[in-house]
Amino acid sequence: MEAISSSKLVPAHITKLSTPKQILSFNPNNRLISVKCSSSQGSKRESLSISSCDLTDTRHVPVGGQLISGSARSRNPVGKTFSSSGVWTLDQHVSESSSQVTEDKVGVLLLNLGGPETLNDVQPFLFNLFADPDIIRLPRLFRFLQKPLAQLISVLRAPKSKEGYASIGGGSPLRKITDEQAQTLKMALEAKKLHANVYVAMRYWYPFTEEAVHQIKNDGITRLVVLPLYPQYSISTSGSSIRLLQSIFQEDSCLSSLPVSIIQSWYQREGYIKSMANLIEKELKSFSKPEEVMIFFSAHGVPVTYVEDAGDPYRDQMEDCISLIMKELKSRGTDNDHTLAYQSRVGPVQWLKPYTDEVLVELGQKGVKSLLAVPVSFVSEHIETLEEIDMEYRELALESGIENWGRVPALGCTSSFISDLADAVIEALPLATAISQENPTKKSTSAESDTNLVRYVLTLFFGSAVAFVLLFFPKLASTFKNYI
Ligand SMILES: C=CC1=C(C)c2cc3[nH]c(cc4nc(cc5[nH]c(cc1n2)c(C)c5CCC(=O)O)C(CCC(=O)O)=C4C)c(C)c3C=C
Ligand SMILES: [Fe+2]
């Protein structure tokens with residue numbers, strides 16, 4: 001698991017206290033007021049700010065133990081809980097540590113993409129998606145075009161997207177499935193003796209992130225674990241949601257001191273890998289000659305520039321993830337051929353290769369007869385599994401000479417998987433630190449507000465003008481044709 005303190009939002013490192021002894025203290029109302037830690041190694045001392053929203057002051061207390069960087073490949077690096085009274089004891093990595101927590105009100109925030117619930121929601125949903133600077137990454141100079149472009153592209157793409165959503169029942173199943181995952185995770189945590197409220201925050205549709213955060217505040221949550229429902233980290237998915245969350249928290253003096261632990265990615269967790277291997281093994285058995293089936297991992301793509309220019313770890317994590325799943329399968333005696341390709345590209349730029357549609361055709365031409373598609377970047381059924389893989393790619397594969405087609409279902413509420421997510425939450429809990437820690441909220445001055453207002457008016461004016469031009473000059477608009 002890659003868990004980092006909330007103030008460090010870079011994707012590629014794990015930051016954790018290596019061998020701390022933590023003693024959490026409480027005020028007479030049983031609210032957490034301080035954390036004392038000492039290291040058995042007696043090494044470097046750090047200062048950690050922990051406070052509760054119920055308290056008026058924020059205390060800085062010494063924290064023992066080294067801050068270390070872990071490898072993204074290390075599996076289950078932190079600890080486990082096993083006591084009903086909320087006493088955590090960490091595993092062999094931190095075997096000398098113990099922490100006591102009483103009456104801490106724990107929240108778990110699940111981050112997800114969100115999807116239109118009806119066909120009327122499709123265009124505004126697409127607007128929200130394309131208005132995200134982590135989805136359409138414009139150079140800083142052209143940022144003022146973000147919203148007009150989002151308006152244009154969403155209007156142009158909506159008819160095609162609507163067709164897709166209509167073919168899977170008229171809307172996205174994402175909200176329903178994510179709510180079920182939240183409920184199942186809550187029960188799994190209860191079973192492991194951790195009482196927690198579980199919230200859902202969608203990035204582009206209801207329930208929006210702002211709503212979930214509002215609820216967290218109303219409920220008086222005093223310790224929060226943030227868990228994106230994407231196994232691998234990408235700037236465009238977990239990154240975007242985490243950045244939004246960070247900006248909401250920094251704007252709010254109470255939230256900015258709430259101890260938060262963010263699990264950035266978790267594709268390498270043993271529970272997830274084993275759950276994926278179970279699903280693949282089960283589905284292979286439905287073929288008449290399982291050993292001849294090509295295991296075809298199809299991951300959601302991202303533009304190449306994300307990886308090559310912006311440092312998105314997504315491709316590396318995806319490749320690592322596939323090799324861990326294949327290693328697990330091999331250890332069980334399943335040694336099929338496998339391949340990885342990227343699906344769902346949108347827009348005129350180059351995306352990660354190879355492309356799923358092209359590879360399917362090539363495999364058919366090479367004489368592959370049996371293929372098992374494995375969606376691997378997302379843990380619920382959604383439009384890209386139900387429509388793109390089950391309909392479009394299946395048809396393409398059969399046309400290309402593949403005779404036997406199968407598809408592994410998304411993990412959904414599979415119990416071994418949800419149980420592993422619960423372990424991830426429990427392990428991340430002691431790492432919670434305030435979001436404000438290294439990044440205090442910057443209040444804008446009135447001069448800045450004036451500048452912002454001028455910038456806003458200019459943006460609105462030029463943005464609308466550009467959108468108008470693009471809308472009424474179809475040749476120019478054809479630059480954006482590939483978004484349709
Ligand atoms: C245009 C850029 C996009 C990037 C980059 C991108 C990355 C990305 N997305 C997912 C997961 C999902 N995306 C979904 C829908 C969706 N995504 C884009 C665009 C980008 N995604 C669009 C335009 C849409 C809308 C559907 C369509 O018109 O094609 C969904 C589906 C939600 C649902 O309603 O079922 C998911 C899930 C990942 C994992 C990812 C990068 C790793
Ligand atoms: Fe997407």
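Okay, let's start with a pair of helices: H4 and H5 cross in a right-handed way. One thing to keep in mind throughout is that this is a predicted model.

So how do we talk about a pair like that? Two packed helices are described by the angle between their axes and the distance between the axes. For H4, which covers residues 209-218, and H5, the axes come within 11 Å and cross at roughly 50°. That makes H4 oblique to H5. If you want to find the contact on the screen, look for Thr209, Glu210 and Val213 on the H4 side. They meet Ser241, Leu244, Leu245 and Ile248 of H5. Sorted by class, that contact has 4 nonpolar, 2 polar and 1 charged residues.

While we're around H4, have a look at the loop that runs between strand S12 (196-202) and H4, because that's where Pro207 sits, and I'll come back to the reason for showing it. Pro207 is joined to Tyr206 by a cis peptide bond, with omega at about -10°.

There's another one of these further along. Which residue does a cis bond join to Pro354? It's Lys353, and omega there is about 0°. Pro354 is in the loop between strand S16 (338-343) and H9. And here's an oddity of another kind: Lys193 isn't a glycine, but its phi is positive, near 70°. You'll find Lys193 in the loop between helix H3 (174-191) and S12. For background, most residues other than glycine have a negative phi, and most peptide bonds are trans.

Now, on from the Pro354 loop to H9 itself. Helix H9, residues 356-366, packs against H10 at an angle of about 25°, and their axes are 8 Å apart. Is that roughly parallel or roughly antiparallel? An angle of about 25° makes H9 roughly parallel to H10. The crossing of H9 and H10 is right-handed. On the H9 side, the contact is made by Thr356, Asp357, Leu360, Val361 and Gly364. H10 brings Tyr393, Leu396 and Ala397. In terms of class, the contact of H9 with H10 has 5 nonpolar, 2 polar and 1 charged residues.

One more pair. Helix H6 (residues 270-284) and helix H11 (residues 415-428) also have axes 8 Å apart, but the angle here is about 170°. That makes H6 roughly antiparallel to H11. Gly271, Tyr272, Lys274, Ser275 and Asn278 of H6 meet Ser416, Phe417, Ser419, Asp420 and Asp423 of H11. What's the mix of classes in the contact of H6 with H11? It has 2 nonpolar, 5 polar and 3 charged residues.

Last stop: the ligand. There are 23 residues around ligand 1, and the ones that come nearest are Gly115, Ser161, Ser172, His300 and His382. Which helices each supply at least two residues of that shell? They are H1 (122-130), H2 (146-167), H5 (235-250) and H10 (383-399). You've met H5 as the partner of H4, and H10 as the partner of H9. By class, the shell divides into 11 nonpolar, 10 polar and 2 charged residues.

And where is ligand 1 relative to the domains? Domain 1 (119-171 + 443-483) gives residues to the shell, and so does domain 2 (270-407), so ligand 1 lies between them. If you're turning the model yourself, try starting from His300 and His382, two of the residues that come nearest to ligand 1. Okay, that's my tour, thanks for listening.

How values were computed:
Residues are numbered from 1 along each chain as its sequence is written. Chains are lettered from A and ligands numbered from 1 in the order in which they are written. This is a predicted model: local features need pLDDT of at least 70, side-chain atom pairs count only at pLDDT 80 or more; totals for chains, interfaces and linings use all residues. A residue is near a molecule or strand if its C-beta atom, placed from the backbone, lies within 6 Å of it. Helices (H or I, at least four residues) and strands (E, at least two) are DSSP runs, numbered from the N terminus. Ala, Val, Leu, Ile, Met, Phe, Trp, Tyr, Cys and Pro count as nonpolar, Asp, Glu, Lys and Arg as charged, and the others, Gly among them, as polar. Domain bounds come from an automatic or database domain assignment. Axes are lines fitted to C-alpha atoms, for helices over the stretch in contact, and angles run from 0 to 180 degrees between N-to-C directions. Angles under 35 degrees count as roughly parallel, over 145 as roughly antiparallel, 65 to 115 as roughly perpendicular and the rest as oblique. A crossing is left-handed if the near helix is turned anticlockwise from the far one by less than a right angle, and right-handed if clockwise. Two residues are in contact if their C-beta atoms, placed from the backbone, lie within 7 Å.
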